[in-house]
Every structure is written in structure tokens, then in C-alpha cells.
Amino acid sequence: MGFCLGVRRAVGTLEDAVNFDDSEVYTLGPIIHNPQVVSDFESRGVKTVESPDDVPSDCRVIIRAHGIPLQLKEELKLRGSRIMDGTCPKVIASQKTVRKYASLGYHTVIVGDPDHGEIRGLAGYADHPIVISSPEEAEKLTLSGPVMVIGQTTIKQDEYDKVCRVLEQKCEQLKIVESICSATSKRQEALVDLCKRVDACLIIGGRDSANTQRLYMTARETGIPCWHIQDASEIPGKIGDFEVIGLSAGASTPDSVILAVERRLQSM
Ligand code: SF4
């Protein structure tokens, strides 16, 4: 549990930018999906904006772990922004793959949450990509010619596999890309194992963090009582009814937040 490679890199990039010189520092969207980390940087002067229009020229712009569409990156360069790229290497690999197959004439199908930053960024690397989030949506597609399918790095493997099985029936030529991040899948496997050995479980992480939400869903599916909390202040009083408590945390949850939850539980 705790920061994955991509989150650690994005936060490190922003830390470097803040310490570099006196330039104003902006992030396009929150640097990671964790409110404590975002507000800590905001208290040190970092501004979070949603559009390049809100970024003055000649300042530093940090690209977050989920990446941004290619077009936005070009817009920022044209405006004279000094870009420091904190995109996770695994997300960069997905972006390159989408671009490669789009240039080879493949239609792009992306499986994930259409409102998630990673998916909006990924979609910007193909022409007219289709974004779906379930096998039911895949059933409704009409596809012709070569098709490439790729998933959000934090999607559950079995959800992705189900969509791919549907697409296989619909496409004459289908390229299935395996892009799910092992930091996500290993955590889910470890959590299932943990849930067999505890009476209840707490999943710690930002409310908007996709991988934290999926960990919570995974814990719920095991059938034991579980809660998704953002920090120690949200520990439910009912947790005192259970003897052995399991803890897991999303890839964007700082160690300090996890430790504070652990300490509070021990004091209870
Ligand atoms: S979960 Fe995986 S893909 Fe997402 S930021 Fe972390 S290392 Fe990168």
C-alpha cells in the first residue's frame, strides 16, 4: 500500500518544481487524486487549474501522473509555459501505444472511466476514439476494420477481459493491449488474501482515486465489513466491534496518512 512508482515520480517532479526557483507553479488538474497531498502543495503556492487558458505564460506547469492530451501539451508549449512532465511511465507507454496503432489505421477502443484524467489524456492520442466502461457498452458497438483495445491502467483485469471477449466476437481484426498496471493488480490480489484473515477492513485513500475505489469494491466483494476512508478522522466508530482489522491504501495515499490511521486504531 501507499505511493506507487508513478505517484512517487509525479510528486517528486512537483517537489523539484517548487524548490527550483521563484517561478509560479501550476498543475493541470490535481497532481494526484489525494486531497492531503494537493492541499499541502497549495499551501506552498502551487495552483491547480483545469485549463491551459488559466495558466499565465512563463510559469512552470507540471503534468500530473495521469497525463494530459497531446493537444493540451502543444497548447502549453505555444503559450511559453515551462513544462515538467510528471506523467507515469506506464501511462506514457499506453499513450505511445494508442498513437502507434492510430497511425497504423486502427480504430481505438479505450476501456475505463470516461471522466478520469488518464482516459481523457489517452483519448487525445487517437482520432475519434471510442471510450466504453462495460461489456454491455461493448455489445452496442458497430465496428469495422482493424480495432485496437486498451484499458485504463487501474481497471480490474476481469472487467477488461469481459469487454475484450465481447469485442472479439465483433471484430475481424482485434489487437488487445495489456496495459493494466501491476501496482494495481498486485494490490488487489494482496487485499483479497488479507480479507480472508481479518474481521473487517479499512481502505484509505482519496474519494476520487480510481484505484482506491477499486480496492474498496474488491474488499466489499469478499463479503467482510469494510469502509473507504480518506484519513484517520473518518475511522467509523463501529470498527471497535471487530478484533482484527485489515488496512489497505490506494496508490496515491501518503505514508503519513496510513500511519496516522494505524496509530489511531491502535489507540482505540
Ligand atoms: S497505479 Fe500504476 S499506472 Fe497508475 S500512476 Fe501508479 S504506477 Fe502509474
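**View 1. H128, an exposed loop residue of this predicted model.** At a relative accessibility of 74%, H128 counts as exposed. A residue passes as exposed when that value is over 50%. H128 sits in the loop between α5 and β6, the latter spanning residues 130–132. Its backbone has a positive phi of about 50°. H128 is not a glycine.

**View 2. D58, a loop residue with positive phi.** D58 belongs to the loop that runs between β2 (47–49) and β3 (60–63). Its phi is near 65°, a positive value. Here too the residue is something other than glycine. The relative accessible area of D58 is 54%, and D58 is exposed.

**View 3. Y101 and Y106, an edge-to-face aromatic pair.** The whole structure holds two aromatic pairs. In the pair of Y101 and Y106, the ring centres are 5.0 Å apart and the planes meet at 85°, so the pair is edge-to-face. The cut-off for that label is an angle over 60 degrees. Y101 is buried. Y106 is buried as well.

**View 4. The ligand and the residues around it.** Seen in chain order, the neighbours begin with C4 and G6. C88 and K90 are also around the ligand. T153, C181 and T184 complete the shell. By class, this shell has three nonpolar residues, three polar ones and one charged. The ligand takes up the space of the largest pocket.

**View 5. The largest pocket, where the ligand sits.** This pocket contains about 330 Å³ of space. It is lined by 24 residues. Closest to the pocket centre are C4, V7, H66, T154 and N211. C4 is also one of the residues around the ligand. Four helices each supply at least two residues of the lining: α1 (5–20), α4 (89–103), α8 (182–195) and α9 (210–221). Eleven of the lining residues are nonpolar, ten are polar and three are charged.

**View 6. The second largest pocket, with a lining of 14 residues.** Its volume is about 190 Å³. Nearest its centre lie H33, D113, D115, H116 and D208. Two elements, α5 (117–123) and α9, give two or more residues to this lining. Of these, α9 gives the most, with three residues. The lining has seven charged residues, five polar and two nonpolar. Helix α9 thus appears in this view and in the lining of the largest pocket.

**View 7. The largest cavity, with helix α2 at its lining.** A search of the whole structure finds one cavity of 30 Å³ or more. About 30 Å³ of space lies in the largest cavity. Its lining includes L14, T27 and I31. V38, F41 and E42 line this cavity too. V46 and T48 are also part of the lining. Helix α2 (residues 35–43) provides the largest share, three residues. Five of the lining residues are nonpolar, two are polar and one is charged.

Technical notes: Residues are numbered from 1 along each chain as its sequence is written. This is a predicted model: local features need pLDDT of at least 70, side-chain atom pairs count only at pLDDT 80 or more; totals for chains, interfaces and linings use all residues. Side-chain values use heavy atoms; hydrogens and water are left out. Rings of Phe, Tyr and Trp (its six-membered ring) pair if their centres lie within 6.5 Å; planes under 30 degrees apart count as stacked, over 60 as edge-to-face and the rest as tilted. Buried means under 20% relative accessible area, exposed over 50%, partly exposed in between (1.4 Å probe, protein chains only). A residue is near a molecule or strand if one of its heavy atoms lies within 4 Å of it. On a 1 Å grid over the protein atoms alone, a cavity is a set of points where a 1.4 Å probe fits but cannot get out, and a pocket is an open set with protein on both sides within 12 Å along at least five of seven lines; lining residues have an atom within 4 Å of a point. A molecule sits in a cavity or pocket if more than half of its atoms lie within 2 Å of its grid points. Ala, Val, Leu, Ile, Met, Phe, Trp, Tyr, Cys and Pro count as nonpolar, Asp, Glu, Lys and Arg as charged, and the others, Gly among them, as polar. Grid points are joined across faces, edges and corners, and a volume is the space filled by probe spheres set on the points.
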